[in-house]
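These are my notebook entries on one protein model. I set down what I looked up, one topic at a time.

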Amino acid sequence: MAGSTVTPAVSIRVSYTKLTGIDQLDLDTKGLDLSISKKILLVTPYAGAGYVWVSSRPNGVPGLGGENFSYPKLFAGLRANLLLASFTFEADKTGDAVSYGLRVGVGF
């Protein structure tokens, strides 16, 4: 749902990743999250929550079994657009793992 000058934007994201190039392991993740954001002048703060499902299966490795598990996910960030550059800082907590990221983009 697009935001307006008064209401925030709301979005749903579905994701899928698959590891390739390693014959001994089949690994994939699936994710679903809901986020909310609100543009305020040149910055857009956002936050969201969701879930990540992980499936791993070893191939031809004796003594190892497959695993399936899932984690809740929380994230929040701030995007700033300044002339041709955009800067995004994000904090993410997936399960017990916490990560921070900084992205810089240049548009023409």
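**Entry 1: A salt bridge between two strands**

I began with a charged pair: the side chains of Arg 13 and Asp 33 meet in a salt bridge, at 3.1 Å from N to O. Arg 13 lies in strand S1 and Asp 33 in strand S2, so this pair ties together parts that are 20 residues apart in sequence. I note here that the model is a predicted one.

I then looked up how much of each partner is accessible. Arg 13 has a relative accessible area of 44% and is partly exposed. Asp 33 is at 8%, which means that Asp 33 counts as buried, the limit being under 20%.

I also checked the backbone. Asp 33 in S2 is the bridge partner of Arg 13. The two residues are therefore linked in two ways, by the pairing of their strands and by their side chains.

**Entry 2: The hairpin of S1 and S2**

How many bridges join S1 to S2? I found 10 between strand S1 (residues 9-18) and strand S2 (residues 25-37), and the two strands run antiparallel. S1 and S2 form a hairpin, with 6 residues between them. In the turn, Gly 21 has a positive phi of about 90 degrees.

**Entry 3: The whole sheet**

I next followed the strands across the model. An open sheet is formed by 6 strands, in the order S1-S2-S3-S4-S5-S6, with antiparallel pairing. S1 and S6 stand at the edges with a single partner strand each, so one side of each has no neighbour in the sheet. From one strand to the next, the twist averages 20 degrees.

I recorded a general point beside this: strands of a sheet pair through backbone hydrogen bonds, in either a parallel or an antiparallel manner.

At the S6 edge, I looked up the pairing with S5. These two strands run antiparallel and are joined by 10 bridges. One residue pair I noted is Ala 91 with its bridge partner in S6, Tyr 100.

**Entry 4: Other salt bridges**

The count of salt bridges comes to 4. Besides the pair of Entry 1, I looked up Asp 28 and Lys 30, whose side chains meet at 2.8 Å, N to O. Asp 28 is buried, with a relative accessible area of 6%, whereas Lys 30 is partly exposed at 39%.

Asp 92 forms a salt bridge with Lys 73, and the closest N and O atoms are 2.7 Å apart. Asp 92 is in strand S5 (residues 85-94) and Lys 73 in strand S4 (residues 67-82), so the pair ties together parts that are 19 residues apart in sequence. Are these two partners buried or exposed? I found that both Asp 92 and Lys 73 are buried.

I also noted a network: salt bridges that share partners join Asp 28, Lys 30 and Arg 57.

**Entry 5: Ala 49 in S3**

I turned to Ala 49, which is found in strand S3 (residues 43-58). Its relative accessibility is 37%, so Ala 49 counts as partly exposed.

Which residues does Ala 49 contact, leaving aside its neighbours within four places in sequence? The contacts are Asp 33, Leu 34, Lys 73, Leu 74 and Phe 75. Asp 33 and Lys 73 have both appeared above, as salt-bridge partners of Arg 13 and Asp 92. Ala 49 and Lys 73 are 24 residues apart in sequence, yet their C-alpha atoms are 5.5 Å apart in space.

**Entry 6: Glu 90 in S5**

Glu 90 is found in strand S5. Not counting residues up to four places away in sequence, Glu 90 touches Tyr 46, Phe 75, Ala 76, Gly 77, Ser 99, Tyr 100, Gly 101 and Arg 103. I also looked up its separation from Ser 55: the two are 35 residues apart in sequence and 26 Å apart, C-alpha to C-alpha.

**Entry 7: A nonpolar patch**

Last, I examined the surface. Ile 40, Leu 41, Leu 42, Leu 82, Phe 87, Phe 89, Val 98, Tyr 100, Leu 102 and Val 104 form a nonpolar patch there, with about 1100 Å² of accessible area together. S5 and strand S6 (97-106) each supply at least two of its residues. S6 gives the most, with 4 residues.

I looked up one member in detail. Phe 87 is in strand S5, and Phe 87 is partly exposed, with a relative accessible area of 34%.

Notes: Residues are numbered from 1 along each chain as its sequence is written. This is a predicted model: local features need pLDDT of at least 70, side-chain atom pairs count only at pLDDT 80 or more; totals for chains, interfaces and linings use all residues. Side-chain values use heavy atoms; hydrogens and water are left out. Two strands pair if DSSP finds at least two bridges between them. Buried means under 20% relative accessible area, exposed over 50%, partly exposed in between (1.4 Å probe, protein chains only). Contact means heavy atoms within 4.5 Å. Patches are made of residues with over 30% relative accessible area and no salt bridge: like charges are joined within 9 Å, nonpolar side chains (Val, Leu, Ile, Met, Phe, Trp, Tyr) within 5 Å. Accessible areas come from the Shrake-Rupley method with a 1.4 Å probe; for residues, only the protein chains shown count as cover. Axes are lines fitted to C-alpha atoms, for helices over the stretch in contact, and angles run from 0 to 180 degrees between N-to-C directions.
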